[in-house]
Each structure stands twice: as structure tokens, then as C-alpha cells.
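Q: Could you take me through a close look at a single part of this structure, starting from one residue and following its surroundings outwards?

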Amino acid sequence: WCDGVLQRSREGRRTPTNPEDVEVLDGRGAHLRRLVEEGWRVFGVTWLPEIAEGTMSHADASALFRRLRELLGIDIEVEYCPHAAGPPGCWCRKPLPGLGVVLRERHRLDPSQCIYVGVGSQDPGFARRLGFDYRHAADFF
């Protein structure tokens, strides 16, 4: 999970809204770079209802992720749900495991070898549905 795990908004929003708003949490980049050097692959997922609201475009989201990659110093692939706030009405928004399924299938990941890092109450269930191990960000980093 990107928000509150890897990044936060400098402006205090739920998630960064532009590249200048992206702030990587302390130590995340160095920790992930070590893991990548050891052969781990790193992926991210996030929710961007701002796209459905019309305050952010898919191009804006791509710019955010480019900035996140730059600040982390790794080539992280990020999948996101662009659907509106309110009760989940799509397959990709937590607690449904859709974004994880996309990454798992695209990259032919062995779920027993995957770790999902989060901070929210839905994160352990999200990981469990995918067959991933779960770690709270405070324990992982």
C-alpha cells in the first residue's frame, strides 16, 4: 500500500495530489533499495478517487508515480483504483483484492513468497485473500 506506508501528502491530504506534494516516509527508499538489491520485486497499490471526482487525471497519477519512483530510487510499478468514494462498488478497491490479483497474475507471483505491507484495518484481509503474508509498516520498516 502506498499511502501512509511509502508516501504521504506534504499538504496534509489523504494522498499526494501532484508531484510536488509527494513526500516519501523516512527510511523507506533505503530499505526498499536494499530489498531490490537482494532480488525482491516491489509493487504498489493505491486508491485515487480524485480521478472519478475529476480533480485528477490518469496523466496526473502517472506523474505522481514517476515522482514516487524518483524519491524512492527504485522502479516500483503502481496499480490504482480510480473509482469514487463511498461503498466499494468495484473489484479493485480494498477490501476486494482486485489490484493485488492484477499484479499477481501479470507477474506470475507465487503468493507464498509475497509480503503485503499496510497500515489500515482492511490490509490484513486484503493480504489473506491474495495468499500473501501481511506485515504492518511499523514492523516491516
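A: E50 counts as buried because its relative accessibility is 12%, where buried means under 20% relative accessible area, exposed over 50% and partly exposed in between, with a 1.4 Å probe and protein chains only. The model is predicted, so local features need pLDDT of at least 70 and side-chain atom pairs pLDDT 80 or more, while totals for chains, interfaces and linings use all residues. Residues are numbered from 1 along each chain as its sequence is written, and side-chain values use heavy atoms, with hydrogens and water left out.

E50 is found in helix α2, residues 50-53; helices (H or I, at least four residues) and strands (E, at least two) are DSSP runs numbered from the N terminus. Apart from its neighbours within four places in sequence, E50 is in contact with R14, T15, T55 and M56, contact meaning heavy atoms within 4.5 Å. With R14, the side chain of E50 also makes a polar contact of 3.2 Å, that is, a pair of N or O atoms within 3.5 Å, one able to donate a hydrogen and the other to accept it, residues adjacent in sequence counting only if both atoms are side-chain atoms.

T15 leads on to an enclosed space, for the largest cavity is lined by D3, Q7, T15, P16, T46, L48, L64 and F65. A cavity is a set of points on a 1 Å grid over the protein atoms alone where a 1.4 Å probe fits but cannot get out, and lining residues have an atom within 4 Å of a point. The volume of the largest cavity is about 40 Å³, taken as the space filled by probe spheres set on the points, which are joined across faces, edges and corners.

F65, one of those lining residues, is buried, as is Y80. The count of aromatic pairs comes to 4, for rings of Phe, Tyr and Trp (its six-membered ring) with centres within 6.5 Å, called stacked under 30 degrees between planes, edge-to-face over 60 and tilted for the rest. Among them, F65 and Y80 form a tilted pair, with 5.6 Å from centre to centre and 45° between the planes. Because F65 lies in helix α3 (residues 58-72) and Y80 in strand β4, this pair ties together parts 15 residues apart in sequence.

Strand β4 (77-81) is in turn packed against by the buried residues of α4, which also pack against β3 (43-47) and α5 (123-130). In α4, residues 98-106, those buried residues are G98, L99, G100, L103 and R104.

Terms used: 1 Å grid on protein atoms, 1.4 Å probe; cavity = no way out; pocket = protein on both sides within 12 Å on 5 of 7 lines; lining within 4 Å.
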